[in-house]
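The following paragraphs lead through the structure, from the sheets of one chain to the contact between two chains. Please keep the sequence and the model in view while reading.

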Amino acid sequence: MSSNSNSSPAKYVLTQEDRSITFRPNGDWTLDQVAAIDPVLTAELQALDYDMVYYDFTDLGELDTAGAYMFARAVRIGPGQRHFWVVTEGTKGQQTLMQAAADAVKGKPPVVDRQWYDSLTRLGKATERFFTEVFETLAFIGKFFAVFFKLMLRPRQIRWNSVVSLIEEIGLNAAPIVVTLCFFIGAVIAYMGASLLASFGASVFMVDLVGVSVLRELAPIITAILIAGRSDSAFTAQIGAMKMRQEVDAMTVIGLDTFETLVVPRAIACLVSLPILTFLGMMSGVFAGMLIAWTGEIDISPVLFFQRLNEVVGVKAFWVGMVKTPFFAVIIAVIGCRQGLAVTGSVESLGSRTTQSVVQSIFAVIAVNAIFAILFYQMGI
Amino acid sequence: MSIEDKDTAPPMEAHGILTQFGTNVIHENLDFRVEKGEIVGLVGGSGTGKSVLLNTMLGLKEPEGGIIRYFGRDRTELTKEEREAINNEMGVLFQGGALFSSLSVRENIMVPLREHTDLPVPLMRELADMKIHMVGLPAQSATLYPSDLSGGMKKRAGLARSLSLDPKLLFLDEPTAGLDPVGANAFDELILGLREAMDLTILMITHDLDSLYTICDRVAVLVDKRIAIADTLPKVQEYDHPWVKEYFGGPRSRAALKAGKT
Ligand SMILES: Nc1ncnc2c1ncn2[C@@H]1O[C@H](COP(=O)(O)OP(=O)(O)O)[C@@H](O)[C@H]1O
Ligand SMILES: [Mg+2]
């Protein structure tokens, strides 16, 4: 503090007469002084037995709230009780400060103390939270579909403006990264396939490998995970911030349905964007495979590549991949919006909800994909 | 800085301030000073740049022109240490309270103490509780989080935090806005009491005519991109400017004046 250099150290003189003490401080009693004097003063006061405190501020230099608080230590007996006290010499400001400090030591502030069973409590609460979370997500999905189908019957009520701008944000802006990523994945699969299958003398099967894996599994799942990470965090943060600033409450009061205005447009935007992005991803992955096949050691010409792709992979793998995307789209949108709406007042809840939203949606995408794999296998597709 | 300077020089002085966002000029050739120990009220229409002026005076925003002096020292000539020392002499209550939402009220008040002193934590906690008491919050609110507080309580908690280092200069941005009249009066009383107890110099942006009439020593008027007049209330009311006439001549003002006089 600026007064540091020229402040004089806090000292005091304590004298006792019968059952009253006189406290005569000198020097500056300020924030930067109190740490040193506190233990000394407290110890000395505890040793004394008295009923009344006289304060004499004649020699006192600067005083601030921390200093006054130190003085007030003398009047504290226990929670809610204090000794009588009087300022015999001192300015009005010093008296006011002293009054505030003496009042402050009277009140008993609440203390949070830790118990040994706290960790058990936390464990129990976490378990409970897990189940309510699952339950609430399912309930949210149910409510979403109810509103969604209701709106499908009256498409004019859908907020197309926000749908379009969301499609730009979710679909268009994500296209470059999806295409790039799927290109790399396709290339990696092609290289691995080429080198592995070459040892059997069956390099031409790498076309099957690339075609099936990219079209059926990789392009849909990579796209979905990417959008889950990219757009879910955005959904949760946007809606969460609106929740924190009571915008959501305002909408409800005005009569806007939060599902209609916030959730459904995002779901529709995802439903439109995800298949298109997946399609782009598929093209890019297959294209990467074709490039590797053509330029690599195995030397399969593009014509041959597509011929084989047509013969053995066919359009079925494409549809198997595509059919999953609307499910992913709904999962992503619903989880992101639900977590956003679950944000409460604090910044921390915004952070934890955003994390949860990304983790949950990626988890759900992979789980649903596994269910589809089992289903298609059983159906012999 | 030397003691002589500090005791006589005005705590805050702005000279020839020019502020603009792009081509939008907010302040032009603005002069303003706050003398030691006074409570100055800053008034002006919505959007005239009161909050921006506050940010400029706090150093959150550098003005496009002009100089700011703290305790007689040009802000741009201060060393980093001096600047920090002066920052500790200033407390701010922002318009929305600006409490850290992840910390309890007590922890909020402890933040400046943790940052700038090396007191033991229990003592910090006690001092924080004293501030909570001083601003008139119930002791139980110490462990509450900002989202659990009402608007008035948030203001009080924000004030408690701004007082935690015992500043010499206190800035308040619309401290009584959004409080009920009883709460606003109590807040005014609180400010007066704190000034007396802590030897504060206070600059408050306010739209609350009651505050202007009851606690402000001087009133500064921000119109036409500058402080047109900064003087005692009767003189400001005499000032010949349409906005000032309208502001102090309106029905609300007359009511507040009557209430203030009785
Ligand atoms: N960061 C900013 N960028 C551009 N303009 C701003 C910015 N901050 C404030 N303004 C403008 O400055 C003007 C004054 O704002 P403000 O100081 O908040 O007004 P008030 O006097 O009501 O507190 C307003 O017109 C506002 O639009
Ligand atoms: Mg403002």
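Helix 6 (residues 151-162) of chain B lies across strand 6 and strand 7 of chain B and runs at about 170° to strand 6 of chain B. Helices (H or I, at least four residues) and strands (E, at least two) are DSSP runs, numbered from the N terminus. Contact means heavy atoms within 4.5 Å. Axes are lines fitted to C-alpha atoms, for helices over the stretch in contact, and angles run from 0 to 180 degrees between N-to-C directions. The model is a predicted one, in which local features need pLDDT of at least 70 and side-chain atom pairs count only at pLDDT 80 or more, while totals for chains, interfaces and linings use all residues. Residues are numbered from 1 along each chain as its sequence is written, chains are lettered from A and ligands numbered from 1 in the order in which they are written, and side-chain values use heavy atoms, with hydrogens and water left out.

Strand 6 and strand 7 of chain B belong to an open sheet of 6 strands with the order 6-7-8-3-9-10 and mixed pairing; two strands pair if DSSP finds at least two bridges between them. At the edges of this sheet are strand 6 (90-93) and strand 10 (226-231) of chain B, each of which pairs on one side only. On average, neighbouring strands of the sheet are turned by 15° against each other, direction ignored. Within the sheet, strand 3 (residues 39-43) and strand 8 (residues 201-205) of chain B pair in the parallel sense over 4 bridges. One residue of strand 8 of chain B, M204(B), is the bridge partner of G41(B). Helix 2 of chain B also lies across this sheet, over strands 3, 6, 7, 8, 9 and 10 of chain B, and runs at about 155° to strand 7 of chain B.

Chain B has a further open sheet, in which 4 strands follow the order 2-1-4-5 with antiparallel pairing. Strand 2 (24-34) and strand 5 (73-74) of chain B stand at its edges with a single partner strand each, so one side of each has no neighbour in the sheet. Helix 2 (residues 50-58) of chain B packs on this sheet, where it touches strand 1, strand 2 and strand 4 (65-70) of chain B, and its direction makes about 120° with that of strand 1 of chain B. Strand 1 (residues 12-21) and strand 2 of chain B pair in the antiparallel sense over 7 bridges. These two strands form a hairpin with 2 residues between them, and G22(B) in the turn has a positive phi of about 65°. F21(B) stands opposite N24(B) in strand 2 of chain B, and T19(B) stands opposite H27(B) in strand 2 of chain B.

The contact between the chains takes 31 residues from chain A and 33 residues from chain B. Chain A and chain B bury about 2600 Å² between them, 64% of it on carbon and sulfur atoms; buried area is the accessible area (1.4 Å probe) that two parts lose on being put together, summed over both. Across this interface the rule finds 1 salt bridge, defined as a side-chain nitrogen of Lys or Arg within 4 Å of a carboxyl oxygen of Asp or Glu. The side chains of E126(B) and R73(A) meet in a salt bridge at 2.8 Å, N to O. On the side of chain A that touches chain B, helix 1 (31-47), helix 2 (65-72), helix 3 (92-106) and helix 11 (347-379) of chain A each supply at least two residues. Helix 3 of chain A gives the most to that side, with 8 residues.
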